[in-house]
Amino acid sequence: MTTGFVLTLLTQGITLVLLLSAPMLLVGLVVGFTVALLQTVTSIQEQTLSFVPKAICVFVVLILVAPWMLSTTVGFITRLFAQIPTVAN
């Protein structure tokens, strides 16, 4: 097992984590910005008004992208397990 191999695995793992978390983070960002803009325009300063819509939207997106997330993760793990015989040298 070389340093280059370990760094490649770490890079792929970090990239996978960022890729899998991006849909929920982007939806939370857009919904949070929209609610904050709406609160500013209407002068409503209710804390739960910004939390509840974000939580609901992130949960819905998580349900919608869960199959893609699972298949992407399984693909990564399958490639990782396929490389085990080459690492054992």
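Where is the place of Thr 11 in this chain? Thr 11 has its place in helix α1, and this helix is a convenient way into the predicted model described here. With a relative accessible area of 49%, Thr 11 is partly exposed, because the exposed class begins only over 50%. The C-alpha atom of Thr 11 is separated by 44 Å from that of Ile 44, a residue 33 positions away along the chain.

Turning to the overall fold, the secondary structure consists of three helices and zero strands, which gives the pattern α-α-α when read along the sequence. Helix α1 covers residues 3-42, and helix α2 covers residues 47-82. The chain has a radius of gyration of 20 Å, whereas a compact globule of 89 residues would have one near 12 Å. In keeping with that picture, the C-alpha atoms fill a box of roughly 65 × 25 × 15 Å along the principal axes. Of the 89 residues, 15% are buried. The accessible surface of the chain comes to about 6,600 Å², and carbon and sulfur atoms account for 79% of that area. Among contacts with a separation of 6 or more, 73% join residues that lie 24 or more positions apart.

The interior comes next. The largest nonpolar core has seven residues, namely Leu 16, Leu 20, Met 24, Val 61, Val 65, Met 69 and Phe 76. Both α1 and α2 contribute, each with at least two residues of this core, and the largest share, four residues, comes from α2. In soluble globular proteins, nonpolar side chains tend to be buried together. One member of the core, Met 69, is in contact with Leu 20, Met 24 and Leu 62 once its neighbours within four places in sequence are left aside. Of these partners, Leu 20 and Met 24 are themselves listed in the core.

The outer face of the chain offers a useful counterpart. A nonpolar patch on the surface is formed by Phe 51, Val 52, Ile 56, Val 60 and Leu 64, and together these residues have about 500 Å² of accessible area. Leu 64, a patch member, has its place in helix α2. Leu 64 counts as exposed because its relative accessibility is 63%. Helix α2 also holds Phe 59, and this residue counts as exposed because its relative accessibility is 52%. Across the sequence, Phe 59 and Val 27 are 32 residues apart, yet their C-alpha atoms are 9.9 Å apart in space.

Pro 53 is found in helix α2 as well. A relative accessible area of 24% makes this residue partly exposed, since burial requires a value under 20%. Beyond residues up to four places away in sequence, Pro 53 touches Val 31, Val 35 and Thr 48. Eleven residues along the chain separate Pro 53 from Leu 64, and the distance between their C-alpha atoms is 16 Å.

Finally, the region around the link between the two helices deserves a closer look. Which residues does Gln 39 touch, not counting those up to four places away in sequence? The partners of Gln 39 are Ile 44, Gln 45, Glu 46, Leu 49 and Ser 50. Gln 39 itself is found in helix α1, and it counts as buried because its relative accessibility is 10%. One of its partners, Leu 49, is ten residues from Gln 39 in sequence and 8.5 Å from it in space, C-alpha to C-alpha. The loop between α1 and α2 is the place of Ser 43. With a relative accessible area of 59%, Ser 43 is exposed, in contrast to Gln 39, which is buried at 10%. Ser 43 also has a positive phi of about 60° although it is not a glycine. Most residues other than glycine have a negative phi.

Methods. Residues numbered from 1 in each chain as written. Predicted model: local features only at pLDDT ≥ 70, side-chain atom pairs only at ≥ 80, totals over all residues. Heavy atoms only, no water. Core = buried A, V, L, I, M, F, W, Y, C linked by side-chain atoms within 4.5 Å. Buried < 20%, exposed > 50% of the residue type's maximum accessible area, 1.4 Å probe, protein only. Contact = heavy atoms within 4.5 Å. Rg over C-alpha atoms; globule rule 2.2 N^0.38 Å. Areas by Shrake-Rupley, 256 points an atom, 1.4 Å probe, with all protein chains shown as cover. Patch = residues over 30% accessible without salt bridge, like charges linked within 9 Å, V, L, I, M, F, W, Y side chains within 5 Å. Salt bridge = Lys/Arg side-chain N within 4 Å of Asp/Glu carboxyl O.
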